[in-house]
Amino acid sequence: MRPGAAASRAGTAAPRGGSGPPAGTVARAAGEAGGSAARAPGEERTLTSVPAGEERALTSVAAGDRYQGEEPRDLPRLWHVTLSVSGGEAPLKEVRRALEQLAHDHPFLLTSRYANDHAEIRYWEEARDLHDAAAVALRLWGEHRQTAGLPPWEIVGLEVIDRQTYHQRIAEGYGPPPASPVGAHPF
């Protein structure tokens, strides 16, 4: 909260220089009241109006409280990422060694396939949404190029799908087979 901007739980702000309590007063009152912020299961929470000039204790939402049917929006989810890179030819042994080093540096790498001029990397990423998973994937090759000794290839393809879509594709018989042989393999 910004200094000078006091707000109540009901969402109304005290006007600047208005009659709201001094900063920190409400928080102290909650601690001094000795009341518990937790509710008994099934107990209803009610809003009451407080007469002007009186303080009321703040109540908080107990951990895990949600409206019925509401899904948490900011919890991370699993995303299946397939990153394709391509460029000038490089010795196969160096490409394999670099991909194995990338897998060591990036331990959740599932599998990678490679040739002397292109590679495909598949892995699971935990992220809040598709945008975050894609952003991480687009930085992966460049950020690890020096440390893993990756070829100077460019990203030519990216697929990011959620876990449910990945498993649906597998169940329907299309899409990549599950990555059972973890590691770097030639195409």
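Begin the tour by selecting glutamate 143, which is exposed, with a relative accessible area of 52%; here exposed means over 50% relative accessible area, buried under 20%, and partly exposed in between, with a 1.4 Å probe and protein chains only. What you have open is a predicted model, in which local features need pLDDT of at least 70 and side-chain atom pairs count only at pLDDT 80 or more, while totals for chains, interfaces and linings use all residues. Residues are numbered from 1 along each chain as its sequence is written, and side-chain values use heavy atoms, with hydrogens and water left out.

**Stop 1: along helix α3**

Keep glutamate 143 selected and add arginine 139, since their side chains meet in a salt bridge at 3.2 Å, N to O; the term salt bridge stands for a side-chain nitrogen of Lys or Arg within 4 Å of a carboxyl oxygen of Asp or Glu. Both residues lie in helix α3, four residues apart, which is about one turn of the helix. Arginine 139 counts as partly exposed, at 41% relative accessibility. Next select Arg128, Asp129 and Asp132, which are joined into one network by salt bridges that share partners.

**Stop 2: the whole chain**

Zoom out and colour by secondary structure: the chain has four helices and five strands, where helices (H or I, at least four residues) and strands (E, at least two) are DSSP runs numbered from the N terminus. Followed along the sequence, the pattern reads α-β-α-β-β-α-β-α-β. Of the 187 residues, 24% count as buried, and the accessible surface of the chain comes to about 12,800 Å², with 53% of that surface belonging to carbon and sulfur atoms; these areas come from the Shrake-Rupley method with a 1.4 Å probe, and for residues only the protein chains shown count as cover. Contacts, meaning heavy atoms within 4.5 Å, can be sorted by sequence separation: among those between residues at least 6 apart, 69% join residues at least 24 apart.

**Stop 3: the confidence colouring**

Switch the colouring to pLDDT, the predictor's confidence in each residue, from 0 to 100. The chain has a mean pLDDT of 73, and 55% of its residues reach 70 or more. Among the elements of the chain, helix α1 (residues 25-33) has the lowest mean pLDDT, 40, whereas β4 has the highest, 96. Select residues 1-39, where the pLDDT is below 50 and where the model shows 27 contacts beyond near neighbours in sequence; then select residues 43-47, a stretch that is likewise below 50 and has five such contacts.

**Stop 4: the largest nonpolar core**

Select Leu99, Leu102, Ile121, Tyr123, Trp141, Leu150 and Trp153, which touch the most other members among the 24 residues of the largest nonpolar core. At least two residues of this core are supplied by each of β1 (77-86), α2 (92-105), β2 (109-114), β3 (118-127) and α3 (130-148), and the largest share, six residues, comes from α3. A core of this kind is a set of buried Ala, Val, Leu, Ile, Met, Phe, Trp, Tyr and Cys residues joined through side-chain atoms within 4.5 Å. Centre the view on isoleucine 121, which, leaving aside its neighbours within four places in sequence, is in contact with Val81, Thr82, Leu83, Leu99, Leu102, Leu109, Thr111, Ser112 and Trp141.

**Stop 5: charged side chains elsewhere**

A search of the whole structure finds seven salt bridges. Select aspartate 162 and arginine 77, which form one with their closest N and O atoms 3.7 Å apart; aspartate 162 lies in strand β4 (residues 154-162) and arginine 77 in strand β1, so the pair ties together parts that are 85 residues apart in sequence. Aspartate 162 is buried, at a relative accessible area of 19%, whereas arginine 77 is partly exposed at 40%. Not counting residues up to four places away in sequence, aspartate 162 touches Arg77, Leu78 and Trp79.

Move on to glutamate 120 and arginine 113, whose side chains meet in a salt bridge at 3.1 Å, N to O. Glutamate 120 is buried, with a relative accessible area of 17%, and arginine 113 is partly exposed at 36%.

Finish at glutamate 125 in strand β3, which is buried yet has no salt bridge, the nearest side chain of opposite charge being arginine 139 at 7.9 Å; for this purpose Lys and Arg count as positive and Asp and Glu as negative, while His and the chain ends are not counted. To see what surrounds glutamate 125, select Arg77, Leu78, Trp79, Val81, Phe108, Ala133 and Val136, which glutamate 125 touches when residues up to four places away in sequence are not counted.
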